[in-house]
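Open the model in your viewer and keep the sequence panel beside it. The stops below go from the whole chain to single residues.

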Amino acid sequence: TPLVTAIKAHGVAGLPNVDRIATLAYQGGEFDLAFELADKLDTPLANWLKAKRSVRQGDLPAAAENYRRAIAAFPLAQDDPVLTDIRRQRLIGEAGAVAMGRGEFVQAFGLLTESGYVDESYYVAERILTIQEVKDFLTGTAGHETTINKATHEGLSDLLARRLMRAGRYDEALPYFPNTETQDDARAYMIALRAASDGKTKVERARALFDAAIIARAHGMEILGTSMAPDDAGWTWSAPRWPDNAAPELLTTQAELDRYYQNAPVPDYRFHYRYIATDEAEQAAALLPPRSQAFAAVLCRATGWMIKTENKAGGGPAESKAQALYARYVKEGAIVPWAKHFGFSCPDPDFDGASRFSSTQSSRALHRLLHRRLTYSVIGSTVVLIAGAVFLFRRRRVNHA
């Protein structure tokens, strides 16, 4: 406060580092003084302050130009120990936010990635850019030159792989997984889903669907999960996205919101891949004989997944989904010893038994039919014999009389 008072009284003529004085004034809430001093200078800090003023005024083109000028001239830490790299990071990140507000999503993605704000760059890559735009960025054909480190490149590559998997573009996704084990799980999932489409019998397709469901439940976070909400597979800490005193609605366009909802996972719930696994298991059950052990075992496993999802996630329709699965078992399935602990004590489905179930049931039905007919035949013959005997007995008595 004494410094600001002195500057107001005597000016800054002859003083060094006036742009830093302007920055102090801005941080102290003396915006008019800060901008008055900044207008007399053409330095990185002064242009940064001009950019902030432009954002406050809603003039995003002017803000973008001032950010560009500030970034181009901003010193590195080795050149100026006061203006450290963390301030440069903040400067570039704010420029990225302004680019978002202008609808320049690829440009914004490049700036946010370069700034090191991981959450923000993941958000743009996952919910705002198209899949092709992310691919072009990673291959260096996006028109924005950005140098990113190996860890960031791998993180974005992994994000893209999972996004491609969610889109059903499995063959494209596999090369982008940086981890070979995860790549193997993704390949196994792809093979299982294709077998579910190509199986010759219903039971074969059911077995493949259940295999896919098991993989989705066990490795869904790694092969299908979203980096940001709702799954938070790549969640990290980073700084706020918006420049100081910027109204969020100013920097959020309808185009961004449209893309955000268009690129949402289906369903848009926490641990969304568990719902996918459950749906696949329910589809498998629909292909099995309802009175078979496999039908009950598959629904039992799916019910357990939803029960555990509700307990951990605390939201979404998991509880009602679990209840519906159990109700379906009660209505269609056979009584099994483990029904009392349905969802928790689930044996492996006996798909081989399900394959034989139809023929076994037909054989049993034929046996019951033959047994029934034989029984009726014996009874009928016995009745005829008895009736004949009675008739002869009465006839003999009449003749004797």
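A residue counts as buried when its relative accessible area is under 20%. By that cut-off, 43% of the 401 residues of the chain are buried. Bear in mind throughout that this is a predicted model.

**The whole chain.** Show the cartoon: there are 18 helices and zero strands. Now switch to the surface, where the chain exposes about 21400 Å². Carbon and sulfur atoms supply 54% of that area. If you display contacts between residues at least 6 apart in sequence, 64% of them join residues at least 24 apart.

**Helix α3.** Select residues 31-38, which form helix α3. Which of its residues are buried? They are Leu33, Ala34, Phe35, Leu37 and Ala38. Add residues 2-10 (α1), 18-27 (α2) and 44-57 (α4) to the selection: the buried residues of α3 pack against these three helices.

**Leu41.** Move along to the loop between α3 and α4, where Leu41 sits. Is Leu41 buried or partly exposed? Its relative accessibility is 23%, so Leu41 counts as partly exposed, given that the buried class ends at 20%. Show what surrounds the side chain: beyond neighbours within four places in sequence, Leu41 is in contact with Val18, Asp19, Ala46 and Lys50. Val18 is 23 residues away from Leu41 along the chain, and the C-alpha atoms of the two are separated by 8.4 Å.

**Thr278.** Next, select residues 272-286, helix α15, and pick out Thr278 within it. With a relative accessible area of 0%, Thr278 is buried. Leaving out residues up to four places away in sequence, Thr278 touches Ala302, Trp305, Met306, Lys321 and Leu325. Keep Leu325 selected, as it leads to the last stop: Leu325 is one of the buried residues of α17.

**Helix α17.** Select residues 318-332, the 15 residues of helix α17. How far apart are its end C-alpha atoms? The distance is 21 Å, which agrees with the 21 Å expected at 1.5 Å a residue. The expected span is 1.5 Å times one less than the number of residues. Now colour the buried residues of α17, namely Ala318, Ala322, Leu325 and Tyr329. Look down the axis: these residues cover an arc of only 60°, so they lie on the same side of α17.

Terms used
Residues are numbered from 1 along each chain as its sequence is written. This is a predicted model: local features need pLDDT of at least 70, side-chain atom pairs count only at pLDDT 80 or more; totals for chains, interfaces and linings use all residues. Side-chain values use heavy atoms; hydrogens and water are left out. Helices (H or I, at least four residues) and strands (E, at least two) are DSSP runs, numbered from the N terminus. Buried means under 20% relative accessible area, exposed over 50%, partly exposed in between (1.4 Å probe, protein chains only). The arc is that of the directions from the helix axis to the C-beta atoms. Contact means heavy atoms within 4.5 Å. Accessible areas come from the Shrake-Rupley method with a 1.4 Å probe; for residues, only the protein chains shown count as cover.
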